[in-house]
Amino acid sequence: MVERPKNPSVFKHLLGAVGVGVAILIGFVLGLWVGDRNRSTRHAAETAALVDSIAMGFLPVIDTVVVEQILDTVPEVSESTKKERAEGRDYLTKHNRWNRDEMEKLPALRGLWDAVNHYDVETIRKYADVLDCPALTTIVESLEQSQKTGYYASKNDRVITLSTYIRRLQQ
């Protein structure tokens with residue numbers, strides 16, 4: 001019987017393919033973990049949608065326990081996000097004069113000054129839901145009753161005085 005020489009290249013290719021597969025899986029899990037940090041409501045909806053899609057046969061059957069374990073390891077709100085929200089809430093509650101430049105430096109408040117200036121009630125409501133700030137709740141309630149449009153501050157003005165703003169909304 002003739003002995004065949006072993007072909008190490010097949011083993012190397014197989015090992016390389018497994019390594020690539022593991023790297024992709026690790027990248028996917030890390031992407032879920034590092035990705036979008038605003039998952040509070042979307043996270044549960046995406047999990048339910050994924051499980052429903054699997055159950056309805058739209059996706060290949062994957063062990064749902066494994067999927068749920070992967071998604072459960074992803075934190076809903078990171079500590080840094082909680083800190084950013086607390087900093088934003090502190091700024092809004094401690095300042096009667098909201099400065100656009102100062103607010104844009106705080107990640108949780110980026111875009112809020114412009115939304116308040118443009119009377120954008122839907123955007124302000126989103127900030128109010130996330131930050132749980134009484135001033136924003138008051139603004140939303142007042143805007144729903146007043147239906148203001150346009151701009152509050154002039155083009156070169158970078159400050160909104162909260163008490164004056166709310167008083168103007170309630171007139």
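Let me start with Asp 114, which is partly exposed in this predicted model, with a relative accessible area of 22%. The side chain of Asp 114 meets that of Arg 100 in a salt bridge, at 2.8 Å from N to O. Because Arg 100 belongs to helix α5, residues 100–105, and Asp 114 to helix α6, residues 112–117, this pair ties together parts of the chain that are 14 residues apart in sequence. As a general remark, side chains of opposite charge can pair when their charged atoms come close.

While we are at Asp 114, there is also an acidic residue to compare it with, namely Glu 104, which sits in helix α5. Glu 104 and Asp 114 are separated by 10 residues in sequence, and their C-alpha atoms are 9.8 Å apart in space. Glu 104 is partly exposed, and its relative accessible area is 23%.

Staying with helix α5, what does Arg 158 form with Asp 101? The two form a salt bridge in which the closest N and O atoms are 2.9 Å apart. Here Arg 158 lies in the loop between α8 and β2, the strand of residues 159–161, whereas Asp 101 lies in helix α5, so the pair ties together parts that are 57 residues apart in sequence. Both ends of this bridge can be described in terms of exposure: Arg 158 counts as partly exposed at 34% relative accessibility, and Asp 101 is partly exposed as well, with a relative accessible area of 38%.

A search of the whole structure finds four salt bridges, and I would like to turn to another of them, which involves Arg 125 and Glu 144, with 2.0 Å between the closest N and O atoms. Since Arg 125 is part of helix α7 and Glu 144 is part of helix α8, the pair ties together parts that are 19 residues apart in sequence. Arg 125 counts as partly exposed, at 23% relative accessibility, and Glu 144 is partly exposed with a relative accessible area of 39%. This pair does not stand by itself, in that Glu 122, Arg 125 and Glu 144 are linked in a network of salt bridges.

That brings me to the helices themselves, and to how they are arranged. Helix α7, which covers residues 121–131, packs against helix α8, which covers residues 134–146, at an angle of about 150°, and their axes are 9 Å apart. This angle makes α7 roughly antiparallel to α8, given that angles over 145 degrees are counted in that way. The crossing of α7 and α8 is left-handed.

Helix α8 has a further partner in helix α9, residues 162–169: the axes of these two come within 9 Å and cross at roughly 25°. In this case the angle makes α8 roughly parallel to α9, and α8 passes α9 in a left-handed crossing.

Next, a word on the backbone in two of the loops. In the loop between α6 and α7 we find Tyr 119, whose phi is near 55°, a positive value in a residue other than glycine. In the loop between α7 and α8 we find Asp 132, which has a positive phi of about 50° although it, too, is not a glycine. Are these residues buried or exposed? Tyr 119 is buried, with a relative accessible area of 9%, whereas Asp 132 counts as exposed, at 59% relative accessibility.

Let me move now to the surface of helix α1, which spans residues 8–34 and contains Leu 14. Leu 14 is exposed, with a relative accessible area of 55%. Together with Val 18, Val 22 and Ile 26, Leu 14 forms a nonpolar patch on the surface, and these residues jointly have about 360 Å² of accessible area.

Finally, let me step back to the overall picture of the chain. The protein has nine helices and two strands, and from the N terminus on its elements run α-α-α-α-β-α-α-α-α-β-α. Of the 171 residues in the protein, buried residues make up 28%.

To return to where I began, the bridge between Arg 100 and Asp 114 joins side chains at 2.8 Å, and the bridge between Arg 158 and Asp 101 has its closest N and O atoms at 2.9 Å. With the structure in front of us, those are the pairs I would suggest we look at together in the discussion.

Notes
Residues are numbered from 1 along each chain as its sequence is written. This is a predicted model: local features need pLDDT of at least 70, side-chain atom pairs count only at pLDDT 80 or more; totals for chains, interfaces and linings use all residues. Side-chain values use heavy atoms; hydrogens and water are left out. Patches are made of residues with over 30% relative accessible area and no salt bridge: like charges are joined within 9 Å, nonpolar side chains (Val, Leu, Ile, Met, Phe, Trp, Tyr) within 5 Å. Accessible areas come from the Shrake-Rupley method with a 1.4 Å probe; for residues, only the protein chains shown count as cover. Helices (H or I, at least four residues) and strands (E, at least two) are DSSP runs, numbered from the N terminus. Buried means under 20% relative accessible area, exposed over 50%, partly exposed in between (1.4 Å probe, protein chains only). Axes are lines fitted to C-alpha atoms, for helices over the stretch in contact, and angles run from 0 to 180 degrees between N-to-C directions. Angles under 35 degrees count as roughly parallel, over 145 as roughly antiparallel, 65 to 115 as roughly perpendicular and the rest as oblique. A crossing is left-handed if the near helix is turned anticlockwise from the far one by less than a right angle, and right-handed if clockwise.
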